[in-house]
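User: Please take a close look at one helix of this model and walk me through its surroundings. I am new to this structure, so plain wording would help.

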Amino acid sequence: MAAQRRSLMQSQQQSWTDDLPLCQLCGVGTAANCMYSPDGKGTLMHANEDGHFRFRGEDGCFLYGVFNGFDGGRVANFVSQRLPAELLLGQLNSSHSDADVRRILLQAFDVVEKSYFETIDDALAEKANLQSQLPEGVLFHQLSPQNQKLSERLNMLEQEVSGGATAVVALILNNKLYIANVGTNRALLCKSSSDGQNQVIQIGRAHTTDNEDELLRLAQLGLDTSRLRQAGPISGQSSTRRIGDYKVKFNYTDIDILSAAKNKPITAEPEIHGGHPLEGVSGFLLLMSEGLIKALEAAHGPEQANQEMVAIVAAELAQQSNLEVVAQAVVDRVKRLHHDVFASGRQRAAHCSRHEDMTLLIRTLNYPLADSALTPTQGGRIYPVSVPYSNSQSTSKTSVTLSLVMPSQSTLTNGTNTASTQDEGTPTPSQSPTATLQSTNTHTQSSSSSSGDGGSLFRQRGSQAAQPDETGRVPPYVDFSQFYKLWGADHSDSQSTQGGLGPQ
């Protein structure tokens, strides 16, 4: 009966949002988690646990969400299915005030979490019953065959009911932006001004014990904040707000550091910001999972992570007219930066041995996209080149980025344009744009350019196909020695160069 009930609810879950139209004004990029071996090869650590949605409602209403699951993707999947149904099926309309919207968002999160726990009620009851039948403190191999079967069933149930998710949700209604955050994902709003500056605004802070407001909330529940600071992750997670995770919701009195709380200390109640007026705003909104944020911070440090992310997005928006391609290119870029730092063996390499699932949602706001007919690539594909991380760089700099471009219709041989078939294409470097970033407490300005024709970066290939050597590899057709020489020269004077921000 329990299995039938769960199966029924899952089948209903699949149809809750089937009729909601997707928003075409955004793009989503993703990357799976990865752990690197000493030789740099990546291995998947677990199945994907992230989730997202992007829907267009009525009356100019848009809803977006990014979810970071842990201990499985069940909660992230459930919330990404159910939350839109609690917000876009008549609950919101243009007559609602800011207070109304905040109330509806709070209610939706509460209903969704309660609904999730209803789906695992039977499994939790069965789990409690099995636990009561098993002797305490007895190792598995010491149990009788019958009790071993009960123990195996208990482990299966534990996997079924464990896990949770953090969430960042964006709602646009009446041309206002509302952000609802639970946990450690992040929302960035980039506003572009007429003089070319980008103002970067992080909306809300991560709910961790590094957040003074969260510590105050927990202190009011009777918890010792000094112990919380020293303890680190709570029940395996850094977030002090999360959806699901029945252990910290129902059994928090059994967790030593939480046992003194007067009420549930780990909550799914979102922190809501807005509405922020969007009238006349030109820019873009970024919703990022914790895995994406942590990967970039691990590679280059947390000081300029927001500005660097916006710079990478702006560079891709200048090159691509498809938001889906833009979002995926940005995620791929961060993944590549993370891997390259690990492979470099430098100081920050120890921070980059693995990364979690990464999800990025980009929503443009009256922001001009590249004209696909006029882009420098002429339909070619951009291949960003990672510049080695240098710990001597100033923290006010973002990373330098050059590009190799694979033309789709013609090729470049030693910097000269020649007619060719499409399988003879070789890449050529392109110039990088000047970009300006501004936030409430930092101002970074970065620019770089590649050398004139770039011909010396490429080795002449003969008419015959290169033959593999004894290791099975073919000689490279790109010589990076000149590139590294130029890059080193450009960065010899830290006062004259501020770091490139990507291809033009």
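Analyst:

**Helix α6 and its surroundings**

Asn211 caps the N-terminal end of α6, with a side-chain oxygen placed 2.9 Å from the backbone nitrogen of Asp213. The model is a predicted one, and every distance here is computed from it. The helix itself covers residues 212-220. Past its other end comes Gly222, which has a positive phi, near 100°.

Which residues of α6 are buried? They are Glu214, Leu215, Arg217 and Leu218. Viewed down the axis of α6, these buried residues fall within an arc of 160°, so they line one face of the helix. An α-helix has 3.6 residues a turn, so residues three or four places apart point the same way. The face of α6 turned away from the buried side carries Asp213 and Gln220, both exposed. Asp213 therefore appears twice in this account: its backbone nitrogen faces the capping oxygen of Asn211, and the residue belongs to the exposed face. What does the buried side of α6 pack against? Its buried residues pack against α7, which spans residues 225-231.

**Glu214, a buried residue of α6**

Glu214 is found in helix α6. With a relative accessible area of 2%, Glu214 is buried, because buried means under 20%. Leaving aside neighbours within four places in sequence, Glu214 is in contact with His207, Thr208, Thr240 and Arg241. One of these contacts can be described further. The side chains of Glu214 and Thr240 are joined by a polar contact of 2.6 Å. Along the chain Glu214 and Thr240 are 26 residues apart, and their C-alpha atoms are separated by 7.5 Å.

**From His207 to Asn181**

His207 is in contact with Glu214, and His207 is also on the contact list of Asn181. Asn181 is found in strand β7, which runs over residues 176-182. Is Asn181 buried or exposed? At 3% relative accessibility, Asn181 counts as buried. Setting aside neighbours within four places in sequence, Asn181 is in contact with Ala167, Val168, Arg205, His207, Pro270 and Glu271. With Arg205 there is a polar approach: a polar atom of the Asn181 side chain lies 3.4 Å from the backbone oxygen of Arg205.

**Helix α4**

Another helix, α4, covers residues 121-133 and contains Lys127. Leu130 is found in α4 as well. Lys127 is buried, with a relative accessible area of 8%, and Leu130 is buried at 6%. Not counting residues up to four places away in sequence, Lys127 touches Leu154, Leu157, Glu158, Val161 and Tyr246. On that basis Leu130 touches Leu150, Arg153, Leu154 and Leu157. Leu154 and Leu157 appear on both lists. The C-alpha atoms of Leu130 and Asn147 are separated by 9.4 Å, and the two residues lie 17 apart along the chain.

**A cavity elsewhere in the model**

A search of the whole structure finds four cavities of 30 Å³ or more. The second largest cavity holds about 40 Å³ of space. Its lining is made up of Arg186, Met288, Ile293, Leu296, Ala305, Asn306 and Met309. Two helices, α9 (290-300) and α10 (305-317), each supply at least two residues of that lining. Which helix gives the largest share of the lining? It is α10, with three residues.

**Cysteines and the chain as a whole**

How many disulfides does the structure hold? It holds zero. Two cysteines can be described by their burial: Cys34 is buried, with a relative accessible area of 8%, and Cys190 is buried, with a relative accessible area of 1%.

The helices and strands named above belong to a chain with 12 helices and 21 strands. Of the 504 residues in the protein chain, buried residues make up 50%. Among contacts between residues at least 6 apart in sequence, 72% join residues at least 24 apart. The pair Glu214 and Thr240, 26 residues apart, was described above.

To return to the helix of the request: α6 has a cap at its N-terminal end from Asn211, a buried side that packs against α7, and a face turned away from that side with Asp213 and Gln220 exposed.

Key: Residues numbered from 1 in each chain as written. Predicted model: local features only at pLDDT ≥ 70, side-chain atom pairs only at ≥ 80, totals over all residues. Heavy atoms only, no water. Buried < 20%, exposed > 50% of the residue type's maximum accessible area, 1.4 Å probe, protein only. Helix = DSSP H or I, 4+ residues; strand = E, 2+ residues; numbered from the N terminus. Arc of directions from axis to C-beta. Contact = heavy atoms within 4.5 Å. Polar contact = N/O pair within 3.5 Å; in protein donor to acceptor, adjacent residues only side chain to side chain. Disulfide = S-S within 2.5 Å. 1 Å grid on protein atoms, 1.4 Å probe; cavity = no way out; pocket = protein on both sides within 12 Å on 5 of 7 lines; lining within 4 Å. Points joined across faces, edges and corners; volume = space filled by probe spheres on them.
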